[in-house]
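Biologist: I have the sequence and the coordinates open side by side, and I would like to go through a few places with you. Please start with whatever term I need before we talk about single residues.

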Amino acid sequence: MLRPPGTASLTGRIVDAGGRGVPDFAVRSQLNFQLGNLMLCSGWDETRTDRDGRYRFTDLHAGKYQVWASGEGTPMACAQPQSTYVEVATDRRTEVEDLLVGACLTIEGRIECAGIELDGLERAALDPSSGDELASARPEADGSFRFEPLV
């Protein structure tokens, strides 16, 4: 069924590690339909950020939208969060949380296993400025662990 454009919009901002807006960065969104345990997605739309890192999708219908920064092939290919979901209401402007973009970073290491049971351990990568958990990983049988990709 064809419908005229919707009356809602969603807006947000793409920032770098310093909290500055990232200009001319690709952002994508798609409408998701949830039916029980099945999710159907519409094709995605793309826009680019303005000079302050802000973006806006307009003419939307009410529903649940997935939004993500699209930095593939750029020096800022990783995003936190990787994507986010927002509920958009009819005739409303919905604000999306800031998406942080930056270079991809992989952290890996090994836990010395002498006398330590690894089954119950979990490693966490924390944001140094806020203390928020960015990722978690359980060590392998040999004590190795890996977080990837992080901003």
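Modeller: When I say strand, I mean a DSSP run of E of at least two residues, and the strands are numbered from the N terminus. Please also keep in mind that this is a predicted model. With that in hand, K64 can be placed in strand β6, which covers residues 63–69.

Biologist: OK, and what does K64 touch, leaving out residues up to four places away in sequence?

Modeller: Apart from those, K64 touches Q30, L31 and N32, and it also touches Y85, V86 and E87. For E87, the C-alpha atoms of the two residues are 4.5 Å apart in space, although K64 and E87 are 23 residues apart in sequence.

Biologist: Is K64 buried or exposed?

Modeller: Neither label fits, because its relative accessible area is 31%, and buried requires under 20% while exposed requires over 50%. K64 is therefore classed as partly exposed.

Biologist: Let's switch to charges. How many salt bridges are there?

Modeller: The count comes to five salt bridges. As background, side chains of opposite charge can pair when their charged atoms come close.

Biologist: Which residue does R48 pair with?

Modeller: R48 forms a salt bridge with D24, and their closest N and O atoms are 2.7 Å apart. This pair links distant parts of the chain, since R48 is in strand β4 (residues 45–48) while D24 is in the loop between β1 and β2, 24 residues apart. Both partners are partly exposed, with a relative accessible area of 42% for R48 and 49% for D24.

Biologist: And what does R28 pair with?

Modeller: The side chain of R28 meets that of E46 in a salt bridge, at 2.8 Å from N to O. Here too distant parts of the chain are linked, with R28 in strand β2 and E46 in strand β4, 18 residues apart. R28 is buried at a relative accessible area of 17%, whereas E46 is partly exposed at 39%.

Biologist: What about R110, which partner does that one have?

Modeller: R110 forms a salt bridge with D142, with the closest N and O atoms 3.1 Å apart. R110 is in strand β11 (residues 105–110) and D142 is in the loop between β13 (133–137) and β14 (144–150), so the pair links parts of the chain that are 32 residues apart. D142 is partly exposed, with a relative accessible area of 41%.

Biologist: Then there's R13, in strand β1. Why does R13 have no salt bridge?

Modeller: R13 is buried, and the nearest side chain of opposite charge, D98, is 4.6 Å away; a salt bridge needs the nitrogen and the carboxyl oxygen within 4 Å, so that pair does not count. A polar atom of the R13 side chain does lie 3.0 Å from the backbone oxygen of D52. Beyond four places in sequence, the residues R13 touches include G19, R20, G21, D52, E97 and D98.

Biologist: E97 caught my eye. Which residue's side chain is joined to that of E97 by a polar contact of 2.8 Å?

Modeller: That is T84, which lies in strand β8 and counts as buried at 9% relative accessibility. Leaving aside its neighbours within four places, T84 is in contact with Y65, Q66, V67, V96, E97 and L99.

Biologist: Changing topic, what is unusual about the backbone?

Modeller: For reference, most residues other than glycine have a negative phi, and most peptide bonds are trans. The peptide bond from Q80 to P81 is cis, with omega near -15°, and P81 sits in the loop between β7 (78–80) and β8 (84–88). D24, which we met in the salt bridge with R48, has a positive phi of about 50°. D59, in strand β5, has a positive phi as well, near 60°.

Biologist: Last one: how much space lies in the largest pocket, and what lines it?

Modeller: About 180 Å³ of space lies in the largest pocket. Its lining includes Q30, L31, F33, H61 and Y65, and D59 is also one of the lining residues. Strands β2 (26–35) and β5 (54–60) each supply at least two residues of that lining.

Technical notes
Residues are numbered from 1 along each chain as its sequence is written. This is a predicted model: local features need pLDDT of at least 70, side-chain atom pairs count only at pLDDT 80 or more; totals for chains, interfaces and linings use all residues. Side-chain values use heavy atoms; hydrogens and water are left out. Helices (H or I, at least four residues) and strands (E, at least two) are DSSP runs, numbered from the N terminus. Buried means under 20% relative accessible area, exposed over 50%, partly exposed in between (1.4 Å probe, protein chains only). Lys and Arg count as positive and Asp and Glu as negative; His and the chain ends are not counted. A polar contact is a pair of N or O atoms within 3.5 Å; within protein, one must be able to donate a hydrogen and the other to accept it, and residues adjacent in sequence count only if both atoms are side-chain atoms. Contact means heavy atoms within 4.5 Å. On a 1 Å grid over the protein atoms alone, a cavity is a set of points where a 1.4 Å probe fits but cannot get out, and a pocket is an open set with protein on both sides within 12 Å along at least five of seven lines; lining residues have an atom within 4 Å of a point. Grid points are joined across faces, edges and corners, and a volume is the space filled by probe spheres set on the points.
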